[in-house]
Amino acid sequence: MDIQFYNTLTRKKEKLNPIKPGEVSIYTCGPTVYNRSHIGNFRTFIFEDILKRVLLLVGYKVNHVMNITDIDDKTIKKANEENKKLKEITSKYTSEFIEDMNTLKILPANKYPAATDHIQEMIAMTTTLIEKGNAYVTDDGSVYFSINSFENYGKLAKLDMSSQKQTDRVASDEYTKDNIQDFVLWKSWKKEDGDISWNSPWGKGRPGWHLECSVMSTQYLSDHFDIHCGGVDNIFPHHENEIAQSCAALETDFVNIWMHSEHLNMADEKMSKSLGNIKTIPELLNDGYSPESLRYALISSQYRSKLSFSINKLEDAKKAVHRINDVFEKLNERSIESDSLPEEYNKFIESLSDDLNTPKALGILFNYLRKVNRKISKNELSKSEATMGLNFIKQADKIFALLVDKVIIPESISKLIVLREKARKEKQWELSDSLRDKIKEKGWIIEDTHDGYKCLPI
RNA sequence: GGCGUCGUACCCAAGUGGUCCAAGGGAGCAGUUUGCAAAACUGUCAUUCAUCGGUUCGAAUCCGAUCGACGCCUCCA
């Protein structure tokens, strides 16, 4: 089956045609580890997770690399603020990042290279760019990429550099550059960098931000690979600069498909650390939302449209997740051994193959679930139909990962449940209802079914 | 100022020329079921797709204008 994705470079949907048949190489821009990532960051990581899961499900091998930015202005600033070693800061936030990724059931990358482990390679690429005439050294020992030396500069972001407004930030930032829009490859050491520096042919300093991705993506995936992802805010300048560096230094096609996810907004504004309107994964879990609810909320709109994050959305997500799990359990009790799938499954895969249309795929799944529920309530569902349904949900879950692990009911709750069951048998309805309220106060919901009770966390 | 995305029911959200007098989820309302609930099921819930014009046999979908929201233009997922 054909898979197509929207390519930012051409602004069109394009058929995926892997460079190496049967295998897709993906580079995704990872976190800058100076702070806990927020749910907005994870929208992108979950979009990339869906991308990868779809490719795996249809049979591709996936080679996925995600960088960890552990050296830049922000990491240094944070280390200074907290009076700690850079490494202490970056390893703390790296492990928190991995923890949150696991919580959200995001499949791990094959490799997580860190920028500080690739300083020599970055120096080498910078040297190449100077030799080729694409970069120049300034008096203070910094190195800049000359955007005029690269013909296609601005192609990804569709920017005509000569017509760009110069913001105050740009104007005040650098004064030694030939062209105010040139970007830095190597930053010379400054007092506030403290003991953080590496030796280079141009003196003490550290790499510029964009360089690490050019170096590490091509090192681990080859000069030319299939897909490069990130959030839309990476289109310019980050990815534009990556293209300039990589293509100029390596004379390569670099990336076939650029994919970017839209922002997650909080009350109509982009969620970002600098605006201070962020929510982290532990905060949301603490508010009572499961990882599955968070995943659902993030995939319930297509990755290229803006997503407004809200409590309302999480509440909707919680119920939708419950619905899927509920049917799954019912089918699980009725199924037999078989790997048959309903015809809806093809439509499901088609939707995902069309630029990861997760809302449409969810719609197909829910339509099917309703069909199954209807038959169950009429007692008309055959074992083979139940099995088909179960298989469909299982396959769908390879993409969505919304099935909840069997919950462990704490002893304090199960004691109350036993008391309530006893009261119910004796038809002491007042007592059983008050026990149900008590259990609810403790955060658990009791549902009575024909085959006994079900107990779920709220 | 330049570039770009978007506006679909009470909320979220697919659909981008006919199969749509517009999927799906949530909320609401009415009913079935239940000791009561919950869950589940049934019915109901947009003659209409920001507005106004145009193209077309046919438009939510294409074109133009207007209004509104948001993003990027060297911190950013």
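Start with helix α10 in this predicted model. Its buried residues pack against α8 (281-286), α9 (291-299), β13 (307-309), α12 (358-377), α13 (383-400) and β15 (452-457). Which residues of α10 are buried? They are Leu314, Ala317, Ala320, Val321, Ile324, Asn325, Asp326, Val327, Phe328 and Leu331. Look for a rhythm in those numbers. An α-helix has 3.6 residues a turn, so residues three or four places apart point the same way.

Now check the length of α10. The helix covers residues 311-332, which makes 22 residues. At 1.5 Å a residue, α10 should span 32 Å. Its end C-alpha atoms lie 31 Å apart, so the model agrees with the expected value.

Next, turn to a sheet. Strands of a sheet pair through backbone hydrogen bonds, either parallel or antiparallel. Here 4 strands form an open sheet, in the order β4-β3-β9-β10, and the pairing is parallel. Why does one side of β4 (61-66) and of β10 (255-261) lack a neighbour in the sheet? These two strands stand at the edges and each has a single partner strand, so one side of each is left free of a sheet neighbour. From one strand to the next, the twist averages 20°.

Zoom in on one pair. Strand β3 (residues 23-28) runs parallel to β9 (residues 225-231), and 3 bridges join them. In one of these strands, β9, histidine 228 is the bridge partner of tyrosine 27.

Finally, find the helices that lie across this sheet. Helix α1 (residues 39-57) lies across β3, β4, β9 and β10 and runs at about 150° to β9. Helix α6 (residues 211-221) lies across β3, β4 and β9, at about 160° to β3.

Definitions and conventions
Residues numbered from 1 in each chain as written. Chains lettered and ligands numbered in written order. Predicted model: local features only at pLDDT ≥ 70, side-chain atom pairs only at ≥ 80, totals over all residues. Heavy atoms only, no water. Expected span 1.5 Å × (residues − 1). Buried < 20%, exposed > 50% of the residue type's maximum accessible area, 1.4 Å probe, protein only. Contact = heavy atoms within 4.5 Å. Pairing = 2+ DSSP bridges. Axes fitted to C-alpha atoms, helices over the stretch in contact; angles between N-to-C directions.
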